[in-house]
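Here is a friendly walk through one protein model, taken a region at a time. Keep the viewer open as you read.

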Amino acid sequence: MAKDKPYYPLSPIASIETLAKALGVVPGLLKDLAEDASNSYTKFDIVTKNGKERTVYDPKYELKRLQKRINSRLFEKVIYPEYLQGGIKDPDNTRDYVENCKLHAGSKFLISLDIKNFYDNIREASVSSIFKHFFKFPDDVSVLLTKLVTLNGHVPQGACTSSYVANLVFHNSEYSLVSKLKSRGLVYTRLLDDVTISSSTLLTQDVATDLIKDVAAVFRKHNLRLNNSKTKVERSDDLAAEYKVTGLWVSHGQPKLKKDERRYIRQLVYICEQEYQKSPFDESYHELWNRVSGKVAIVTRLKHVEAADLRGRLSKILPLYDTTKRSQILFEAQKLLRKHTSTHTRMGVINAYHKIIHAIGILTRTDRVLARALRRQLKAKFSDLPLKSKVWE
């Protein structure tokens, strides 16, 4: 096995009947869901951080449960190389934007690339190739699995299987590119549609252009294109350069936030303190505090010196619930307590339970006695509540 190549260590699934058994469903249901996949999604639009609208497809319950099993019983069994950093469940090695940045921290030269409309442009033929040539499954199994993880001929953004498909779409060519770059002392990573190449030494523009062409050629085999407007070539000694990888500054040995970004987060904490004085009960304050807390969590993870102080300040201005919200929590808890035990495996009930337990945690700040009583009753009533992962399984 090539070190830089994804690897599936199990025996291929030889038939649809064996696949159905592996996924814990009867063959007929498996085929029905595959044939009706186009009617098994809820479509909605979300607004991204940069203000653009993006269409997302959320699988309905039966298909989602099956896709989660495809993840846990097929995709999560794959051994993924280090250069693949996004959307992978890996208990031994965290893979996310921070870990991705660490691989490029302290470099001297940076090339940042973006695959244009990545998910929409991953077509059935590329997905089928994953099951047929990477997993070594026979044609009928590959066709059926392809139908289960695609929608109208492409990979739907929002399906839980899509990030794994995205990681394996270049299974037969990306590793060769990575090996070639590594032999030249270059580091390559891909966090889904974000590609980064870094060098410990400065490169010429001509070399950088050739590297970009090499990467583009790999993607072009799957009819995927680079988003040229997002291509960046930067030197660490250029003071005007952002020199960031997936949002974090990597000019030094560890990923960091720049001074102006940390200053902005301090300002957000100050704004939280001012808003707390006005009303710690407003829903808008709860949203603000949660957003700022997430920013401070990044400061903490990156081990900036001001992290402890910022977290301490936030802990003194925690969001609170007023009497109206207290009454609502009491009503919702009592309604949940009336649920029959036969409903405890329903996802809606499980979600409602976790939601009310979270709300009770906040209620503890203003009414500890009631909060403790409600939590005790709910814990006793729902002692048999399964984990979400077990329900999907």
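## Ground rules and overall build

Helices (H or I, at least four residues) and strands (E, at least two) are DSSP runs, numbered from the N terminus. The model is predicted, so to speak on paper: local features need pLDDT of at least 70, side-chain atom pairs count only at pLDDT 80 or more, and totals for chains, interfaces and linings use all residues. Residues are numbered from 1 along each chain as its sequence is written, and side-chain values use heavy atoms, with hydrogens and water left out.

The protein has 16 helices and eight strands, and its C-alpha trace spans about 65 × 60 × 35 Å along the principal axes. Of its 393 residues, 46% count as buried; here buried means under 20% relative accessible area, exposed over 50%, and partly exposed in between (1.4 Å probe, protein chains only). A contact means heavy atoms within 4.5 Å. Among contacts between residues at least 6 apart in sequence, 71% join residues at least 24 apart.

## Helix α11 and its surroundings

A good place to start is α11 (283–301). Its 19 residues should span 27 Å at 1.5 Å a residue, and the end C-alpha atoms are indeed 27 Å apart; the expected span is 1.5 Å times one less than the number of residues. Which residues of α11 are buried? They are Y285, H286, L288, W289, V292, S293, V296 and V299. Seen down the helix axis, these buried residues fall within an arc of 155°, so they line one face of α11; the arc is that of the directions from the helix axis to the C-beta atoms. On the other side of α11, E283 and S284 are exposed.

The buried residues of α11 pack against α10, α12 (307–315) and α14. Just after α11, K303 takes a positive phi of about 65°. In helix α10 (residues 259–278) you will find Y270, which is partly exposed at a relative accessible area of 40%. Y270 and L314 are 44 residues apart in sequence, and 9.3 Å separates them in space, C-alpha to C-alpha.

## The second largest pocket

On a 1 Å grid over the protein atoms alone, a pocket is an open set of points with protein on both sides within 12 Å along at least five of seven lines, a cavity is a set where a 1.4 Å probe fits but cannot get out, and lining residues have an atom within 4 Å of a point. Grid points are joined across faces, edges and corners, and a volume is the space filled by probe spheres set on the points.

The second largest pocket has a volume of about 670 Å³. Its lining has 26 residues, of which Y321, K325, Q328, K355 and A359 lie nearest the centre. Helices α11, α13 (323–337) and α14 (347–363) each supply at least two lining residues, and α14 gives the most, with seven.

## The cavity, and S40

The whole structure holds one cavity of 30 Å³ or more, with a volume of about 40 Å³. Its lining consists of V25, L29, L33, E62, R65, L66 and R69. The elements giving two or more residues to that lining are α2 (27–35) and α3 (61–73), and α3 gives the most, with four.

S40 sits in the loop between α2 and β1 (41–47). Is S40 buried or exposed? S40 is buried, with a relative accessible area of 9%. Leaving aside its neighbours within four places in sequence, S40 is in contact with D58, P59, K60 and L63.
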